[in-house]
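Here is a short briefing on one protein structure. Look it over first, then read the points below.

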Amino acid sequence: MTAIHDEAFMRSAFASARELEPTDAEVADVLSRSGDGARARHRAASARSRRRQFEIRRLAPVAVALLVLLLAGYAAAPPVRAALDDIAGSFSGWLGGDGDPPGRPLNSGESAPDYFRDPAFTSDPRVVAEAGGYRLLAARAARGGIDFDLGGTGVGIGLTPGSFRDHALLVLGPGAMQRADRQGHVPLFGVTARQVTSVELTYDSGPPLRVDGVRGAFVLLAEPARSPRAVVALDAGGGVLGRQLVDNSEHHCPCIDWQRYLRPASPRPPPPAEAGGA
């Protein structure tokens, strides 16, 4: 910051105080009455000049420090990136009828809850993610919002766009699965923001399960024997956009006791598949 800018800053900051300062004419009038007007006027003008220089020198570091603090605050809390959406951005166009719908249409021969095919309750049912024979279904609800069906496991969830606000990741849960399937998997369903391109399921032991090509939703084939810990949402550059615990610790749902799935295999096994999918 230059001296000119320093002085302008000081003058602006102390404008109200300077209004109380006597004018040169007022000082001259008083000094002329004292009898030694010329010499006194010169001394007064010199004193005022020195006083102003001292105030500027004294307060300039304060102005610089204030500017540094303002810039530091800007760096510590930068403006929210306008391009970063929450989960609602993945479904808002579809809900509004003027955007790309998520996933693919639900085929007539595919199983789904009855209300997913009843226009009195829902419209445009779609498969928004699938893996290992498990499908996450979504349909526009007649009352507004979205109805989800968690892979035919017997659990449906109705959510409004407000449920997604300020979230890049939302794990819906494993549905009503009571035990792992014959491949040792339990499906874990969830939805994401548009910037999320990959999700990882971390475990207490061993490498994480990573699924790429995510487009607004996912199905993870979790291995209960490895004690799943958290689902992490990543952008195209590998940056973390969201993280949600899925273990049995004390946290916001879903809290999952994975040990209860380690019983004899479910009588409803999905077809053999890869270790994950979206």
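The points below cover the nonpolar cores, the largest pocket and one threonine. The model is predicted. Its largest nonpolar core holds 46 residues, and its largest pocket encloses about 450 Å³ of space.

**Nonpolar cores**
- In soluble globular proteins, nonpolar side chains tend to be buried together.
- Within the 46-residue core, Leu136, Phe148, Phe164, Val191 and Val231 touch the most other members.
- Strand β10 (residues 217–222) supplies the largest share of this core, with six residues.
- Another core lies apart from it and has five residues, including Leu106, Phe116, Val127 and Leu137.

**Largest pocket**
- The largest pocket is lined by 23 residues.
- Closest to its centre are Pro101, Pro102, Gly103, Arg215 and Gly216.
- Two elements, α5 (88–96) and β2 (122–131), each give two or more residues to the lining.
- Of these, α5 gives the most, with six residues.
- By type, the lining divides into ten nonpolar, eight polar and five charged residues.

**Thr153**
- Thr153 sits in the loop between β4 (146–150) and β5 (156–159).
- Is Thr153 buried or exposed? Thr153 counts as buried because its relative accessibility is 14%, and buried means under 20%.
- A polar atom of the Thr153 side chain lies 2.6 Å from the backbone oxygen of Leu150.
- The Thr153 side chain also reaches the backbone nitrogen of Ala176, at 3.2 Å.
- Leaving out residues up to four places away in sequence, Thr153 touches Pro174, Gly175, Ala176, Met177 and Phe189.

How values were computed: Residues are numbered from 1 along each chain as its sequence is written. This is a predicted model: local features need pLDDT of at least 70, side-chain atom pairs count only at pLDDT 80 or more; totals for chains, interfaces and linings use all residues. Side-chain values use heavy atoms; hydrogens and water are left out. A nonpolar core is a set of buried Ala, Val, Leu, Ile, Met, Phe, Trp, Tyr and Cys residues joined through side-chain atoms within 4.5 Å. Buried means under 20% relative accessible area, exposed over 50%, partly exposed in between (1.4 Å probe, protein chains only). Helices (H or I, at least four residues) and strands (E, at least two) are DSSP runs, numbered from the N terminus. On a 1 Å grid over the protein atoms alone, a cavity is a set of points where a 1.4 Å probe fits but cannot get out, and a pocket is an open set with protein on both sides within 12 Å along at least five of seven lines; lining residues have an atom within 4 Å of a point. Grid points are joined across faces, edges and corners, and a volume is the space filled by probe spheres set on the points. Ala, Val, Leu, Ile, Met, Phe, Trp, Tyr, Cys and Pro count as nonpolar, Asp, Glu, Lys and Arg as charged, and the others, Gly among them, as polar. A polar contact is a pair of N or O atoms within 3.5 Å; within protein, one must be able to donate a hydrogen and the other to accept it, and residues adjacent in sequence count only if both atoms are side-chain atoms. Contact means heavy atoms within 4.5 Å.
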